[in-house]
Amino acid sequence: MTLANLRPMAPELILIALGLVLLMLDLICRKKEMLAIVTLIGAILAFYFIKGSHGGLFDGMFIADLYSNFFKTVFIINLLLSTLISVKYLDTERALHGEYYALLVFATVGMMTMASAGNLIVLYLGLELMSLSIYVLCGFLRNNIKSTESAIKYFLLGAFSTAILLYAISLLYGSTGSTDFNKIANAVAVMGAGAALKPLLLFSVALFVTAVGFKIAAVPFHMWSPDVYEGAPTSVTAFMSVGPKAAGFAIIGKIFFVAIFGLHVEWVKLLIPISVATMITGNVLAISQTNIKRMLAYSSIAHAGYALLGILTADGDGLTAAMNYMLIYMFMNVGAFAVVIMLRTEDFAGDELKDYLGLAKTHPLAAFLMMIFMFSLTGIPPTAGFIGKFYIFTALIHSGQLKLAVAGVLISVISAFFYLRVVMYMYMKDPEVETPVSDSLYLKVALAISVVMVIVIGVFPGKFIEFAKASLILQ
Amino acid sequence: MPGTYVPTDYLPVLVFLIIALGFGLGALLFGFLLRPRRPYAEKLSPYESGMLPEGEPRQKFTVRYYIIAILFVVFDVEAVFMYPWAVAFNKIGLYAFVEMMLFILILAVGYIYAWRKDAFVWD
Amino acid sequence: MVPLNWYIWLSGVLFCVGMFGFITRRNLIIMLLSVEIMFNAVNISLVAFSHYMEDLTGQILVFMIIAVAAAEAAIGLALVIALFRNKETITVDEFNEMRG
């Protein structure tokens with residue numbers, strides 16, 4: 001085997017090298033902004049190598065295909081945007097530690113490995129690489145009680161859910177005799193659908209649903225997410241509200257749609273109440289929030305519920321819609337968090353809802369951007385959020401789940417209440433306090449990318465839907 | 001539920017367990033019954049190699065021990081991957097050698113990082 | 001040979017012990033230990049399956065779990081220390097900086 005044979009995992013290798021270089025650079029380099037620039041360059045290089053990564057490696061343990069490349073695109077854009085919004089923020093929080101960027105990079109490698117896994121072992125390793133890096137990132141402001149507390153909470157529940165996932169893996173391995181997704185799929189098919197199913201196998205399915213539910217913060221496994229999102233540094237919240245969630249859907253595609261697709265009747269039954277409860281809980285609890293990070297946390301729970309609706313169809317259209325939803329969700333959510341970060345300046349926290357009062361008068365541009373993101377999160381055309389929801393509901397209707405589609409639409413009406421309240425605060429009220437905004441160039445670039453993508457996907461969705469559709473050739 | 005299997009292979013272990021338990025408890029009981037009992041203050045105080053005991057037995061340890069312990073846990077467990085590699089070295093050859101060197105390189109980067117960040121400074 | 005069932009039951013019971021400990025105890029260190037028990041329960045069942053199916057994959061996964069669990073424990077302890085420095089307690093019920 002030569003280096004050229006490793007071409008399918010080139011993006012991961014580049015990012016691992018980047019992470020190691022960042023650690024070493026941190027030791028010799030005083031100016032931490034340099035690290036951000038190196039991260040951006042490395043990430044763009046890895047992004048460039050995604051295209052053209054095809055094929056399996058290590059006996060099919062690692063598979064780079066169009067499906068994984070779609071998710072890798074999402075992860076690397078997420079890394080880029082998160083890096084851009086972090087530069088000024090870390091400076092403001094006085095947390096200029098070099099390992100921040102290295103941890104972001106390693107977490108991204110973990111997610112990419114999850115998307116490329118062809119085997120439960122690789123999936124587990126990717127998951128842990130992602131999770132361990134993010135636990136540390138959550139507690140990054142180590143003198144801040146909220147930050148460390150959120151890290152501990154995330155760590156405990158994350159480790160707990162990992163244990164459950166491992167138990168599911170071991171039962172699946174025990175009942176099918178393999179950890180390779182395709183071999184598991186064959187074994188499940190041989191065992192036959194229905195009557196003769198081993199109880200171990202069904203138990204393992206239930207445990208998989210639980211573990212993945214924790215990772216994507218679906219109700220009733222969502223308890224950690226509001227506290228963690230509120231306490232973590234805002235740039236990390238932006239990163240982790242998208243990355244692990246998208247990675248969770250990537251492994252749903254791998255496990256539920258490949259390995260145990262033969263049991264789809266069973267897991268759909270389990271997922272229906274979960275997704276409905278997730279949408280309702282997320283949206284209803286978001287209404288009473290006064291902290292914008294917490295509100296966005298509940299909103300992110302609700303969005304996981306919408307994306308799960310796509311999974312419920314148990315067909316390609318639904319999975320495409322869910323993947324597409326993750327891509328769109330990334331731009332609008334990171335955008336919204338970028339505005340929150342914009343309001344964080346030296347001695348102004350800027351994460352309370354009342355800080356947005358009359359923002360349109362003091363900072364019209366920031367208010368306008370926030371309005372676009374809020375419209376998109378609500379799902380109002382012509383923004384991307386509308387397209388995301390539209391395709392999810394269409395896929396549901398095509399697969400005959402009309403009731404669920406109607407429920408989804410009705411529930412998303414509730415969400416308009418709290419998203420548009422932010423808009424109302426900004427445009428129809430008078431400012432209470434003078435809100436300063438940050439003027440970081442990096443942050444502006446991130447905002448520009450997000451807002452342009454939200455609008456472009458909203459107006460010309462065709463190309464992006466095609467991108468997601470074309471990616472759906474599993475293995 | 002567990003079936004009707006009787007683990008006869010493990011019978012010696014059971015016998016050994018019973019003998020060990022019996023011997024241990026028996027010796028203690030034997031001593032307890034035979035020895036004279038004449039307690040006084042010095043005899044009851046904890047034995048500290050002839051020194052006078054001072055301070056609380058439950059002291060707080062300094063947090064530095066703990067950083068060393070953490071680093072030990074992390075770097076120690078990695079050795080688990082080197083045993084299979086070393087055992088199979090003849091069969092897997094150069095490719096695995098390069099791979100293991102890469103693995104060690106990555107560990108070394110972490111080690112250097114910890115070192116340069118003064119994780120091993122002792123004062 | 002000891003039947004596979006026995007191992008499965010052992011691992012299942014151990015997993016439940018860990019889970020019960022995690023849910024009922026309120027001391028961070030004990031909760032961490034409970035999670036470790038759960039990991040090791042999984043290890044037992046993996047090794048048992050691996051042995052009975054004469055397939056090494058399960059044992060490879062056990063190696064990975066051991067190594068990653070060590071890293072996980074290190075991070076967990078580091079976070080506990082960081083929290084203790086800020087808050088002087090490791091009882092979960094007193095972590096209530098955030099509400100809503």
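## Confidence

Within chain C of this predicted model, α2(C) has the highest confidence, with a mean pLDDT of 90, and α3(C) the lowest, with a mean of 86. Over chain C the mean pLDDT is 84, and 87% of the residues reach 70 or more. For the model, ipTM is 0.92 and pTM is 0.88. Where pLDDT is low, the predicted coordinates should not be read in detail.

## Chain C and its contact with chain A

Chain C contains three helices and zero strands, in the order α-α-α along the sequence. Of its 100 residues, 36% are buried. Among contacts in chain C with a separation of 6 or more, 48% join residues 24 or more positions apart.

The contact between chains C and A involves 34 residues of chain C and 37 residues of chain A. On the chain C side, α1 (4-24), α2 (28-53) and α3 (57-87) each contribute at least two residues. The largest share, 17 residues, belongs to α3(C). By class, the side of chain C that touches chain A has 24 nonpolar, six polar and four charged residues.

## Chain B and its contact with chain A

Chain B has five helices and zero strands, and its elements run α-α-α-α-α from the N terminus. Of the 123 residues of chain B, 1% count as buried.

Five residues of chain B and five residues of chain A make up the contact between these chains. The side of chain B that touches chain A consists of four nonpolar residues and one charged residue, with no polar residues.

## Helices α11 and α13 of chain A

Helix α11 of chain A covers residues 264-287. Its 24 residues should span 34 Å at 1.5 Å a residue, and the end C-alpha atoms are 34 Å apart, so the span agrees with the expected value. Helix α11(A) nevertheless bends by about 25° at A:Leu271, and a proline, A:Pro273, follows within four residues.

The bend residue, A:Leu271, is one of the buried residues of α11(A). The others are A:Trp267, A:Ile274, A:Ser275, A:Val276, A:Thr278, A:Met279, A:Gly282, A:Asn283, A:Leu285 and A:Ala286. An α-helix has 3.6 residues a turn, so residues three or four places apart point the same way. In α11(A), the buried residues include A:Trp267, A:Leu271, A:Ile274 and A:Thr278. Their cover includes α8 (199-216), α10 (234-259), α12 (292-312) and α17 (402-428) of chain A.

Helix α13 of chain A, residues 316-342, has 27 residues. From first to last C-alpha it reaches 39 Å, close to the 39 Å expected at 1.5 Å a residue. Helix α13(A) is mostly covered, with 25 of its 27 residues buried.

## A:Val236 in helix α10

A:Val236 belongs to helix α10 of chain A, one of the helices that cover the buried residues of α11(A). A:Val236 counts as buried because 30 other C-beta atoms lie within 10 Å, where the cut-off is 20 or more.

Leaving aside residues up to four places away in sequence, A:Val236 touches A:Leu137, A:Cys138 and A:Phe140. A:Val236 and A:Ile85 are 151 residues apart in sequence, while their C-alpha atoms are 9.6 Å apart in space.

## Backbone geometry in chain A

Most residues other than glycine have a negative phi, and most peptide bonds are trans. Two peptide bonds of chain A are described here as exceptions. The bond from A:Val219 to A:Pro220 is cis, with omega near 5°, and A:Pro220 lies in the loop between α8 and α9 (224-231). The bond from A:Pro381 to A:Pro382 is also cis, with omega near 5°. A:Pro382 is in the loop between α15 (364-378) and α16 (384-398).

Positive phi values occur at A:Ala217, near 60°, and at A:Asp59, about 55°; neither residue is a glycine. A:Ala217 lies in the loop between α8 and α9 of chain A, the loop that also holds A:Pro220. A:Asp59 lies in the loop between β1 (55-57) and β2 (62-64) of chain A.

Which of these residues is buried, and which is exposed? A:Ala217 is buried, because it has 28 C-beta neighbours inside 10 Å. A:Asp59 is exposed, because 9 other C-beta atoms lie within 10 Å and the cut-off for exposed is 12 or fewer.

Notes
Residues numbered from 1 in each chain as written. Chains lettered and ligands numbered in written order. Predicted model: local features only at pLDDT ≥ 70, side-chain atom pairs only at ≥ 80, totals over all residues. Contact = placed C-beta atoms within 7 Å. Nonpolar A, V, L, I, M, F, W, Y, C, P; charged D, E, K, R; others polar. Expected span 1.5 Å × (residues − 1). Bend = angle between axes of the 7 residues up to and from the residue. pLDDT = per-residue confidence, 0-100.
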